[in-house]
Amino acid sequence: MKKAALIILGILLVLLGAAFILPIIYKNEIRAKVEQEISKKVDAQVYFNDFGVSLFRHFPNLTASLDNFGVVGKGVFRGDTLASARSFQISVNLMSVIRGEKIKVKALDLESPRILVKVLKDGRANYDIYIPDTTTTAEADTARSQFALQVEEWSIRNGYVVYDDRSMPMYARLVNLNHSGSGDFTQDIFDLTTQTTTDALTFRFDGMEYLNKKAVAADVTLNMNLPESKYTFRNNNFKVNDFVFGVDGWVALPDTNTTRMDVIFKAKENTFKSLLSLVPGVYTNHFDELKADGNVAFDGYVKGDYTATVMPGFGLNVQVKNGTMKYAGLPTAVNNINVDLSVDNPDGDLKKAVANIKQFHADFGNNPVDGRVLVKGFDLSHDIDANVKAKLNLGELTRMFPMEGLTLRGLYNLDLVAKGVYSDTLKKMPAINAAMSLANGYVKSKDFPAPVEQLNFNAKVNNATGRMGDTKITIPDFRMVLEGEPLVAKGYVENLDNYTWDIEAKGGLNLTKLTKIYPLEDMTVTGHLVMDIATKGKMSDVEAERYDQLATSGTMQVEELTYASPDLPQGMKINQANMTFTPQQINLTKFNGYLGKSDVSLTGTLSNYMAYLFRENQTIRGNMAFASQKFNVNEWMTEDPNAPATAEEPLTVVEVPQNIDFTLISTIDQVLYDNMTMKDMKGTVIVRDGTVRMDQVAFNSLGGSFITNGVYDPKEKTRPAFAFDLNMTNVSVQEAFNTFNTVKALMPMAQYIQGKVSTDFKIGGLLAQDMMPVYSSLTGGGVIQILQAVLKDAPVLAAVERVTRLNDLSPAQLRDIIMKAEVKDGRIAFQPFDVKIANYVMNIGGSNGIDGSLDYKVKLDIPAGAVGAQVNNALAQLTGRQTANAETITLNLNVGGTHKQPKVGLAGSSASGTVQETVKAAVTERVTAGVDKVKEEAEAKARAEGEKLKAEAEEKARAEQERLRAEAEKSQQELQQKAREADDRAREEARKKLEAEKNKLRDRFLKPKPAPAPQPADTAQK
């Protein structure tokens, strides 16, 4: 028995040890599996610092935890954090996981979550990140339908939630949200119990703010009918500030596009004080000191369908009878408070909605305020009938309401009667007669010792017919003094169809002091204005540019003006500005200050300023010289410029106002854009029609110089576009690669090049919401020139070396390379160009894509001796002789794969063949081609030699024949000449002989016979 107990105890210890050790041993494997599953199911960046699995944290339940995790969007929501939390824990019943029938979640806990739900105007939502599984089968669907999940409880602690739906538009923000709940979602019908609190709830809908930083608590039980998608309120309390009300009824979702409801709400505590907590400015730290009494009724309803085009019916009733309120420690009460308010819209048609303040009355000491307002129609037109009278001694208000550090004096009067239809589209307004005045006003705040005093004004608004053209607003007298500096103004504006005005203002205005006395919510304004301005005219003259009819003149000086608001979080500051006014323009003779953290200096003119001030959709025009020592563009390209700079901080689309037409002749010493620094920038920047154009903008950066012309066009905010001509000279290739994402995407080989590049290039396309190029949209082309550079450690060169057995390709010295390129369809294509590396010549042509893919043809001329003994032996076997080193082999190579894993092979063969096979094939092809070429050359040479010998023989024969013929002719001529000469001699001898015979006969017969003379021998005759 003892032995068995020891065995059982040993087994338990082993199991406990395994339960403790196994989650630690397999922690990395579990984390990897979690990350793998997340990447399959979630189209977003999910991060977490630590992942844990434990059986001991909530033993015997299995607990999984994520610490410091978040979900960051992609695409148009790149950089937006959908959700983040300090920690997330889920505890499940271990046996339910093992059995797999019904997973019992004991608890879910989310600590310090920050959740941002964003919906764009076009309906795209940042929470739409689930990746559907397209490979599921019917069997898998059946299995999944049998899966059950039971959640016992969940909680959210210290949450911050923002819901920003710009398609409606609707905005809600909850600060310090705490929520807990429980429910059994495995049941078709069950009760869902929740408790929720938030310190500050802000809610806006369609431009109207309904709740502003209200403390809200809700204790709600909902009966959940899942088959019918119907949810019924049970035993619930809602609390806004100090006001408590209950809700009864139900909400149903009959289809995905309709919300059907029948809900009534009613105050649970009929106290005037709780109702007052909803009034802005009342629910302060003095609220506990407030004593209030009176009869209160509060109830309402919402009933009907809510869709994209249909509103439910709704109603509200608020009544206060004989109310009083008084703060402890203050002498005077507000008495006789009576309110009768009703809002009714039974069928949801806003044209039929009616809001009726039948009565409002209160006595502020001895100063009564009375009013009634009836408004019919909540759509584009409102039928108004109102009458309000008030007479207040401002000095007595400080005796009724706690206004620490604030002193008021003066007599305020208001008398307003309005009746008729207001319609902006129809250009109609109620007939109105209103007068407002303040006499001997005095305001002093503890935040600034000097008061605003001698504050007097009278204002009247009159319109007897309801036509816009019959309206007249007059301020015959406005005067005030602040710390001894007076400001006086008067004027009128009439005829709202054709604004006609006559306004004068003279004096100084210290905005710093004034905003300390009258603080501006969510806005900071400081500075000092000195003005002397008079203007008189009609808007029709402005539109017709009849400036001679506009009597406008004056000056204004601005000193140390600062301005910041949620719309301009970067802020601006004007150190000093001097302006003079004419009817045509404002002459800006001096302007020095800052836009954000960037210094600016401006001089020039602003025109069409009156139309810009008085009419909608008018454009202000400017022609100015702009200068800056350092301008940081980046702070204008983020949603939160004051957030600490991080690598994850995304850029956002910069919108350009369409009602601005500025030409800025710019000189900027240094510009910071993204991760690029530009120096000595000069050129013209034109802001016009919602675009920014650059004309001959030159600057130095990345070790070289730039000249650019181009346009940035964000008019279509979801598809901003750009187009630029980029002329770069002697720019560092490495710095260009590290700076430009486009270079990284289209020319990844640049990361292996050390040297300078020059370009004459055009590029254009679309930009994503993070201002990064949409690479598939890029088009363009141009010339890229490398004068001298080094290509080193490039994987593609290493692959070529393996194929060719050339070991001296890397590092490659590049000189005088000119490349013609075209960008299209996500690829950059290069026309064939020559590159000389060492003693080899490469001819390269082809393309690579934004996905890193390569598709190139390379012709490589190499001396046969350079490829080694193996290749030369192959040559010898094929040719029957040893190849001379001086002979050249041309290898035609295909380059595929990616720039990181290139594949090189012989053209026409697989790019993945072995080195030996590729070399052998290349050599065989080359030698075979060489042998055939030599054979053809020999045959051609033999034929040529034969033809040559034949021609030479025939020529010699012809020459010999000519020579023999010539010699024969010469011999014949010589013989003929000799014959003629012999014949002549013979005839002469015969003649002489005949003459001698005659003389002999004469002598014989006529003279005595002389002694005979000796005769020469006749050799010729012989």
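## A walk through a strand-rich chain

Among contacts in the protein chain between residues at least 6 apart in sequence, 51% join residues at least 24 apart. Keep in mind as you look around that this is a predicted model. The chain holds 14 helices and 45 strands. Of its 1022 residues, 36% are buried. Its accessible surface adds up to about 58400 Å², and carbon and sulfur atoms account for 55% of that area.

Let us begin with three strands that follow one another in the sequence. Strand β40 covers residues 812-824 and strand β41 covers residues 827-837; the two run antiparallel and are joined by 4 bridges. To find your place in this pairing, look for alanine 821, which stands opposite phenylalanine 830 in β41. The hairpin that β40 and β41 form has 2 residues between the strands, and aspartate 825 takes a positive phi near 55° there.

Now follow β41 onward to its other partner. Strand β42, residues 840-849, pairs with β41 in the antiparallel sense, this time over 9 bridges. Here a good landmark is isoleucine 828, whose bridge partner in β42 is asparagine 848. The hairpin of β41 and β42 has 2 residues between the strands, and in this hairpin alanine 838 has a positive phi near 55°. As you trace these strands, it helps to remember that in a regular strand the side chains alternate between the two faces of the sheet.

Next, turn to a loop. Threonine 332 sits between β15 (313-327) and β16 (334-345). Is threonine 332 buried or exposed? Its relative accessible area is 19%, and buried means under 20%, so threonine 332 counts as buried. Leaving aside residues up to four places away in sequence, threonine 332 touches Lys326, Gly365, Arg399 and Met400.

The last stop is the charged side chains. Side chains of opposite charge can pair when their charged atoms come close. How many salt bridges does the count come to? The count is 20 salt bridges. One of them brings together the side chains of aspartate 347 and lysine 352, at 3.3 Å from N to O. Aspartate 347 is partly exposed, with a relative accessible area of 43%.

Another salt bridge joins the side chains of lysine 389 and aspartate 415, with an N to O distance of 3.1 Å. This pair links distant parts of the chain: lysine 389 belongs to strand β19 (residues 381-393) and aspartate 415 to strand β20 (residues 406-423), and the two residues are 26 residues apart. Both ends are partly exposed: lysine 389 has a relative accessible area of 42%, and aspartate 415 has one of 32%.

A further example is the salt bridge between the side chains of aspartate 661 and arginine 688, which meet at 2.9 Å, N to O. Aspartate 661 lies in strand β33 (residues 660-673) and arginine 688 in strand β34 (residues 676-688), so their salt bridge ties together parts that are 27 residues apart in sequence. In this pair, aspartate 661 is buried at 16% relative accessibility, whereas arginine 688 is partly exposed at 34%.

To finish the tour, look for a group of four. Arg86, Asp109, Glu111 and Arg157 are linked with one another in a network of salt bridges.

Technical notes: Residues numbered from 1 in each chain as written. Predicted model: local features only at pLDDT ≥ 70, side-chain atom pairs only at ≥ 80, totals over all residues. Heavy atoms only, no water. Buried < 20%, exposed > 50% of the residue type's maximum accessible area, 1.4 Å probe, protein only. Contact = heavy atoms within 4.5 Å. Areas by Shrake-Rupley, 256 points an atom, 1.4 Å probe, with all protein chains shown as cover. Pairing = 2+ DSSP bridges.
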